[in-house]
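The following exercises concern the structure shown below. Each task is followed by a solution that proceeds step by step.

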Amino acid sequence: MVMKCASVCLVALALLGSFCDAQWDKPSKPTYPRPVPQREPTKQKSHEPQQSKQTFEKPLTWVYPEDPKPEVPAEVTVELRYPVPAATVAVECRERDAVVEVKKDMFGIGQFINPADLTLGNCAAVGEDNNAHVLIFQAELHQCGSTLTTTDKSLIYTFLLNYNPQPLGAAPVVRTSSAVVIVECHYQRHHNVSSLPLDPLWIPFSAVKVSEEFLYFTLKLMTDDWQYERPIYQYFLGDIINIEASVKQFYHVPLRVYLDNCVATLSPDRSSNPNYAFIDNHGCLVDARLTGSDSKFMARTADNVLRFQLEAFRFKGADSGLLYITCHLKATSVAYPIDSDHRACSYIGGWKEASGADAACGSCESGLPVNSGSSGTGSGSWTGGATSPSNPGRKSRAVSETQQMVEWEGEVTLGPIPVGEKVVA
């Protein structure tokens, strides 16, 4: 019992001591953790793909093409060939009359004259030697408009042999000059009283028409061997004029050039009078067909070049002897065939095409002119053929049922070209 009381007392004392400590001890300050400074959020780097400079095994060599540059004409030396007198007239002075013989090739150029254009005074020829191609005149000494001159030593009967060429067919051109040959008995003296040709004192020009998309159409007078541009423009009746038409295509597909029509005039204006369309009806060179000349297209050596020969002529009644040639040119892709609208046809005993496609020349005959008998302009009416072009230098398109043809057009004027007269002795 005593031990139980002692245990209770000890427990009570322990509780009392704890209570006293709680009353008399000072409370301590609460402690807090120091704040940690916050760092700014870092931006996350985006995952960009890694790039590297591309290298090539070989360095690049391509460059932009240079602008087209005009060709520098080559220096060509051409010796101008002057005509020589042609001995084609002979006279036999008899006791009562005079007999005059004249070769039909009176000017010595290979071109026969029309007998109706030649008279002895006012008398026509009385005969013709067909084998020798000679016209024969016979007149009494006091007839056919002869004149008598008295000198100290003799009597001189003088006759005038008059040649007055008329236009050939329906074309308003002549290829021989008017001439008067003085025939005297008892003397033989023959000469042409027409003015002699003069060398030009100006620098002729050759215009170049530029079409769309770097197309250049040109006309050039060429030397006899077709190797160089002819530096001298002087010609004489009976000469052959070599002309080259071309198209420079630069960045185009291969092209073929055509001469749609060409007109000869006395001034740069193709619509002036007189005028002579020696190429018409979409590429038909009608000059040889109308006048019997040697004019013709040459065989093609390249699709973008077309050459032709024109026999020199003068306009009837024109004293200047100058010619301007204006041509309307076309160019198409070589993929398109030669047809009745795109051709180069010559009359050489029949119609022949420069590239051998003779079937395309079938309609050339239908475009020949018909002599209407009108005067003033010197040109006849036409049964067919092409009309004058409009808007030269433009690009046009002709649509067919199967394909679309693209063609380029341009107009070029060449001249002035002086054409002199032959001298007859």
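**Exercise 1. Locate Pro416 and state the geometry of the peptide bond that joins Gly415 and Pro416.**

Step 1. Pro416 has its place in strand β27 (residues 404-420); helices (H or I, at least four residues) and strands (E, at least two) are DSSP runs, numbered from the N terminus.
Step 2. The bond joining Gly415 and Pro416 is cis, with omega about 0°.
Step 3. A second cis peptide bond runs from Asn273 to Pro274, where omega is near -5°. Pro274 belongs to the loop between β15 (255-265) and β16 (275-280).
Step 4. For reference, most residues other than glycine have a negative phi, and most peptide bonds are trans.

The model is predicted: local features need pLDDT of at least 70, side-chain atom pairs count only at pLDDT 80 or more, and totals for chains, interfaces and linings use all residues. Residues are numbered from 1 along each chain as its sequence is written, and side-chain values use heavy atoms, with hydrogens and water left out.

**Exercise 2. Describe the backbone and the accessibility of His133 and of Trp226.**

Step 1. His133 is not a glycine, yet its phi is positive, at about 55°. The residue is placed in the loop between β4 (127-129) and β5 (134-140).
Step 2. With a relative accessible area of 35%, His133 is partly exposed; buried means under 20% relative accessible area, exposed over 50%, and partly exposed in between (1.4 Å probe, protein chains only).
Step 3. Trp226 also has a positive phi, near 65°, and lies in the loop between β12 (215-221) and β13 (235-236). Its relative accessibility is 11%, so Trp226 counts as buried.

**Exercise 3. Which strands stand at the edges of the open sheet that holds β1, β2, β5 and β4?**

Step 1. The four strands follow the order β1-β2-β5-β4, with antiparallel pairing; two strands pair if DSSP finds at least two bridges between them.
Step 2. The edges are β1 (89-93) and β4; each has a single partner strand, so one side of each is left without a neighbour in the sheet.
Step 3. From one strand to the next, the twist averages 20°.
Step 4. β1 and β2 (residues 97-103) run antiparallel and are joined by five bridges. Val91 stands opposite Val100 in β2.

**Exercise 4. Characterise the nonpolar cores.**

Step 1. A nonpolar core is a set of buried Ala, Val, Leu, Ile, Met, Phe, Trp, Tyr and Cys residues joined through side-chain atoms within 4.5 Å.
Step 2. The largest core has 51 residues, and those with the most contacts inside it are Phe217, Leu259, Phe278, Phe297 and Phe308.
Step 3. Strands that each supply at least two residues of this core include β12, β15, β16 and β19 (305-311). The most is given by β27, with six residues.
Step 4. Another core lies apart from it, with 23 residues, among them Ala98, Ile113, Leu118 and Cys144.

**Exercise 5. Assess the confidence of the model over the protein chain.**

Step 1. The mean pLDDT (the predictor's confidence in each residue, from 0 to 100) is 76, and 71% of the residues reach 70 or more.
Step 2. Over residues 187-213 the pLDDT is below 50, and this stretch has 82 contacts in the model beyond near neighbours in sequence; contact means heavy atoms within 4.5 Å.
Step 3. Residues 371-403 have pLDDT below 50 and 68 contacts beyond near neighbours in sequence.
Step 4. Where pLDDT is low, the predicted coordinates should not be read in detail.

Technical notes: Axes are lines fitted to C-alpha atoms, for helices over the stretch in contact, and angles run from 0 to 180 degrees between N-to-C directions.
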